[in-house]
Amino acid sequence: MSRAVGTWGEAQVAAYLRKRGYQLLGHSYHCRFGEIDLIARKGKLLCFVEVKTRTNLSMGLPRDYVTAAKQEKLRKTAAFYLAEKELDCPVRFDVAEVYADRDRTPESVRIEYLENAF
């Protein structure tokens, strides 16, 4: 998958979250530990969202690519973000699966949002 497809998928999830009352705080947050695709707040809850975009399932479900090693990187990156921003609030780790056809036509887009995925 190209970076352009990944960025497109992240934009789809950002719109999905906004429609559901989330406030987007960050996109593609980077630090020495890794990257978090989206950071969103709903009420007092801070959500760190890993986005996986697929146009076919030949390699399995997108969630299967959020391995234990990836989860650990996300936890470390989130901890760094919280420390950097001096935040002390409840957090949740979510996975957003974006499905679309190869041309990414609007009618083909489907999002499976897994709250508290790990």
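**Close-up views of a predicted model**

**View 1. The buried residue E97 and its surroundings.** The side chains of E97 and R63 are joined by a polar contact of 2.8 Å, where a polar contact is a pair of N or O atoms within 3.5 Å, of which, within protein, one must be able to donate a hydrogen and the other to accept it, and residues adjacent in sequence count only if both atoms are side-chain atoms. A further polar contact, of 2.9 Å, links the side chain of E97 to that of Y99. This is a predicted model, in which local features need pLDDT of at least 70 and side-chain atom pairs count only at pLDDT 80 or more, while totals for chains, interfaces and linings use all residues. Residues are numbered from 1 along each chain as its sequence is written, and side-chain values use heavy atoms, with hydrogens and water left out. E97 lies in strand β4; helices (H or I, at least four residues) and strands (E, at least two) are DSSP runs, numbered from the N terminus. E97 counts as buried because its relative accessibility is 0%, given that buried means under 20% relative accessible area, exposed over 50%, and partly exposed in between (1.4 Å probe, protein chains only). Leaving aside neighbours within four places in sequence, E97 is in contact (heavy atoms within 4.5 Å) with residues including K52, L61, R110 and E112.

**View 2. The nonpolar cores.** The largest nonpolar core, a set of buried Ala, Val, Leu, Ile, Met, Phe, Trp, Tyr and Cys residues joined through side-chain atoms within 4.5 Å, has 16 residues, and those with the most contacts inside it are V13, L17, L38, V49, V51 and Y113. At least two residues of this core come from each of α1 (3-19), β2 (34-42), β3 (45-54), β4 (91-99) and β5 (110-114), and the largest share, 5 residues, is that of α1. A second, separate core of 13 residues includes Y29, F48, L82 and V95. Beyond its neighbours within four places in sequence, L38 is in contact with a set of residues, among them V13, L17, V49 and V51.

**View 3. Two hairpins that share β2.** Strand β1 (residues 23-31) runs antiparallel to β2 and is joined to it by 7 bridges, two strands being counted as paired if DSSP finds at least two bridges between them. These two strands form a hairpin with 2 residues between them, and G26 stands opposite I39 in β2. The pairing of β2 with β3 is also antiparallel, over 5 bridges, and R41 has L46 in β3 as its bridge partner. The hairpin of β2 and β3 likewise has 2 residues between its strands, and G43 in the turn has a positive phi of about 65 degrees.

**View 4. Two residues other than glycine with positive phi.** S28, whose phi is near 55 degrees, is placed in strand β1 and is buried, with a relative accessible area of 17%. E86 also has a phi near 55 degrees, but E86 lies in the loop between α2 (68-84) and β4 and is exposed, with a relative accessible area of 73%.
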